[in-house]
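Dear colleague,

I am passing on the structure we spoke about, together with some notes on what turned up in it. Please have the model open beside you as you read.

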Amino acid sequence: PAWLRRLCGQLLSERLMKPSGVQAVVRGIVEGTGGGAGAEAAAVDWRKCDAVAKILASCPQQCLSLEDYYRRVCPQILDLLHIQDKLTARQFQRVATTTLLTMVKEHPQLAEKHLLQPLLAPLLRCSET
């Protein structure tokens with residue numbers, strides 16, 4: 001029903017905007033497959049990771065502005081690149097890179113400011129010296 005879809009969207013949006021909300025949402029969707037071959041299969045399930053990336057790249061209706069959404073969510077997306085567990089890291093890195101590419105295509109100026117500049121800052125510092 002429409003009311004349930006709206007409520008779920010609102011709860012998801014609220015969670016994404018909180019500190020560590022992106023990681024919690026990604027974990028909730030891509031993990032939980034158990035160990036062994038099942039977990040390995042989940043790591044290569046690119047469709048699930050791409051679906052999560054599509055959710056992350058979409059600004060929720062409840063957000064005050066697109067700029068505010070990018071300011072809050074982009075640092076959390078970059079944090080997904082630093083997960084230590086190898087199996088989890090593959091899934092999270094897939095989600096992060098797909099989200100980054102989607103955001104760059106949809107809103108290049110905001111993505112440059114909130115994703116690309118922070119991501120490339122160490123490289124730029126090295127090239128300046």
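How much space lies in the largest pocket? Please keep in mind throughout that this is a predicted model. The space in the largest pocket comes to about 210 Å³, and its lining is made up of Arg 6, Gly 9, Gln 10, Leu 12, Ser 13, Leu 16, Ile 55, Ser 58, Cys 59, Pro 60, Gln 61 and Gln 62. The biggest share of that lining comes from helix 1, which spans residues 2–17 and gives six residues. Sorted by character, the lining residues fall into five nonpolar, six polar and one charged.

Next, the aromatic rings. The count comes to one aromatic pair. The partners are Tyr 69 and Tyr 70, whose ring centres lie 6.4 Å apart and whose planes stand at 70°, so the pair is edge-to-face, given that planes over 60 degrees apart are counted that way. Both residues of this pair, Tyr 69 and Tyr 70, are buried.

In the same stretch of the sequence you may wish to look at Asp 68, which has its place in helix 5, covering residues 66–79. Is Asp 68 buried or exposed? With a relative accessible area of 10%, Asp 68 is buried, because the cut-off for that label is under 20%. If its neighbours within four places in sequence are set aside, Asp 68 is in contact with Met 17 and Cys 63.

Further along the chain, Leu 115 sits in helix 7, which runs over residues 108–128. Leu 115 has a relative accessible area of 0% and is therefore buried. Which residues does Leu 115 contact once its neighbours within four places in sequence are left aside? They are Cys 74, Ile 77, Leu 78, Leu 100, Met 103 and Leu 110. For one of these contacts, Met 103, there is also a backbone distance to quote: the C-alpha atoms of Leu 115 and Met 103 are separated by 8.9 Å, with the two residues twelve apart along the chain.

Finally, a word on the cysteines. The count of disulfides comes to zero. As for accessibility, Cys 8 is at 44% and so counts as partly exposed, whereas Cys 49, with a relative accessible area of 1%, is buried.

With best wishes

Note on methods. Residues numbered from 1 in each chain as written. Predicted model: local features only at pLDDT ≥ 70, side-chain atom pairs only at ≥ 80, totals over all residues. Heavy atoms only, no water. Phe/Tyr/Trp six-rings, centres within 6.5 Å; stacked < 30°, edge-to-face > 60°. Buried < 20%, exposed > 50% of the residue type's maximum accessible area, 1.4 Å probe, protein only. Helix = DSSP H or I, 4+ residues; strand = E, 2+ residues; numbered from the N terminus. Contact = heavy atoms within 4.5 Å. 1 Å grid on protein atoms, 1.4 Å probe; cavity = no way out; pocket = protein on both sides within 12 Å on 5 of 7 lines; lining within 4 Å. Points joined across faces, edges and corners; volume = space filled by probe spheres on them. Nonpolar A, V, L, I, M, F, W, Y, C, P; charged D, E, K, R; others polar. Disulfide = S-S within 2.5 Å.
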